[in-house]
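Student: I should like a close look at a single part of this model, namely the surroundings of the ligand. Please treat a few individual residues afterwards.

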Amino acid sequence: MAEAGSETDPQLILSHRFPETAFAYTERDAALYALGIGACGRDPLDADELKYVYHENGQQFIKVLPTFAALFSLQALPEKLHFPGLQYDPRLLLHGQQYIELYKPFPSSAHLQHKVSLAGLHDKGKAAVLEVETKSFDQASGELLCMNRMTVYLRGAGGFSKSSQPFSYSNYPPNQVQAVKIPKDRPFSVFEDCTQPSQALLYRLSGDYNPLHSDPMIAKVAGFSRPILHGLCTLGFAVRAVIKCICKGDPDMVKSISGRFLLHVYPGETLATEMWVEGSRVIYQTRVKERNRIVLSGSVELHRWTSSL
Ligand SMILES: CCCCCCC[C@@H](O)CC(=O)SCCNC(=O)CCNC(=O)[C@H](O)C(C)(C)COP(=O)(O)OP(=O)(O)OC[C@H]1O[C@@H](n2cnc3c(N)ncnc32)[C@H](O)[C@@H]1OP(=O)(O)O
């Protein structure tokens, strides 16, 4: 039997070129996504959040949450992440990190064009780490709406090189960022939200059908006692907390988002997001209350200075 990672060929992987893909979304997709990340879950009349799912007070369009952008990094890829030169077991794949830059607030419906490239490949010995960059353009205007950097952690797929140097095209942000440094002082704000036992089953309808989140047998093979929550769903809960507590409910204040998934979440667990404000940057970490474990940490850059807080 071949050793793990021994058939992996970094040069072949990095020479892979993705076709451009077209994608359209409607208000229904944006509203379904908002429900999938818990919007209005505590209170269906929540004035801060109703706008994500319903045209309030004669408002013409619903508001699209900034983390909706993260869905584009999956839409732009084929269902199975497969490249010539890459050997891995898809059941052992975990989402490692997500970085999103937003250039404009999203319209409530749009036709998009996605351009995808491989931004980096790292050999971590026990795992391979792959960074995939997606730029999403509005088809009508040609404007760049957002950029995603998705990091996938491929357990068992490392050990293909002798060097610890990353294989990558560019060092432009935030190539394999380290976990953010959490301030020692008390958080400015803490927001608690319960995920529902059915949270992953609802969230998957936004387009991530990975059976790790729905199939008990696949979850067991992957090393979990039951299906786990999508990393991007947890990120959605955390950024929603930042918008609520720091941005006074205004999603258009969000300029960029980074998050590193530190531990899995089981649907039904309570997420407590702790936030610290440093100028225009919000540092956050999300804890699963029942297990008292940090599952996600990162930062959110805001457009407006927040010194008035
Ligand atoms: C079409 C296909 C696209 C698919 C996209 C996504 C599909 C989704 O459906 C999948 C999901 O949503 S999975 C759910 C969300 N993710 C998770 O739950 C993972 C949580 N994190 C973990 O379990 C561990 O941190 C774990 C396991 C990630 C790492 O833990 P360890 O193995 O203990 O790692 P450690 O020894 O601490 O570090 C080894 C090296 O790896 C780097 N690293 C650690 N955590 C990382 C992370 N989260 N992201 C990226 N890199 C990470 C470390 O820096 C270290 O590198 P170095 O040795 O160079 O310092």
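Tutor: The account below begins with the ligand site and then turns to two individual residues. The model is predicted, so local features need pLDDT of at least 70 and side-chain atom pairs count only at pLDDT 80 or more, while totals for chains, interfaces and linings use all residues. Residues are numbered from 1 along each chain as its sequence is written, and side-chain values use heavy atoms, with hydrogens and water left out.

The ligand sits in the largest pocket. A pocket is an open set of points on a 1 Å grid over the protein atoms alone, where a 1.4 Å probe fits and protein lies on both sides within 12 Å along at least five of seven lines; a molecule sits in it if more than half of its atoms lie within 2 Å of its grid points. The elements giving two or more residues to the shell around the ligand are β2 (93–102), β5 (144–155) and β8 (254–261). Strands are DSSP runs of E with at least two residues, and helices are runs of H or I with at least four, numbered from the N terminus. Strand β2 supplies the largest share of the shell, five residues.

In total, 28 residues surround the ligand, and the closest are K124, K126, Y153, D208 and H213; a residue counts as near if one of its heavy atoms lies within 4 Å of the molecule. An N or O atom in the side chain of K124 is 2.8 Å from an oxygen atom of the ligand, and a polar side-chain atom of K126 lies 2.7 Å from a ligand oxygen atom. At G96, a backbone N or O atom lies 3.0 Å from a nitrogen atom of the ligand. Taken alone, the ligand exposes 1,200 Å², of which the protein buries 76%; such areas come from the Shrake-Rupley method with a 1.4 Å probe.

H213 also links this site to L201, a residue of helix α4 (residues 199–203): apart from its neighbours within four places in sequence, L201 is in contact (heavy atoms within 4.5 Å) with H213 and S214. L201 has a relative accessible area of 48% and is therefore partly exposed, the class between buried, under 20%, and exposed, over 50% (1.4 Å probe, protein chains only).

T286, in strand β10 (residues 281–288), counts as buried because its relative accessibility is 0%. Its side chain makes a polar contact of 3.1 Å with that of T273, a polar contact being a pair of N or O atoms within 3.5 Å; within protein, one must be able to donate a hydrogen and the other to accept it, and residues adjacent in sequence count only if both atoms are side-chain atoms.

Terms used. 1 Å grid on protein atoms, 1.4 Å probe; cavity = no way out; pocket = protein on both sides within 12 Å on 5 of 7 lines; lining within 4 Å.
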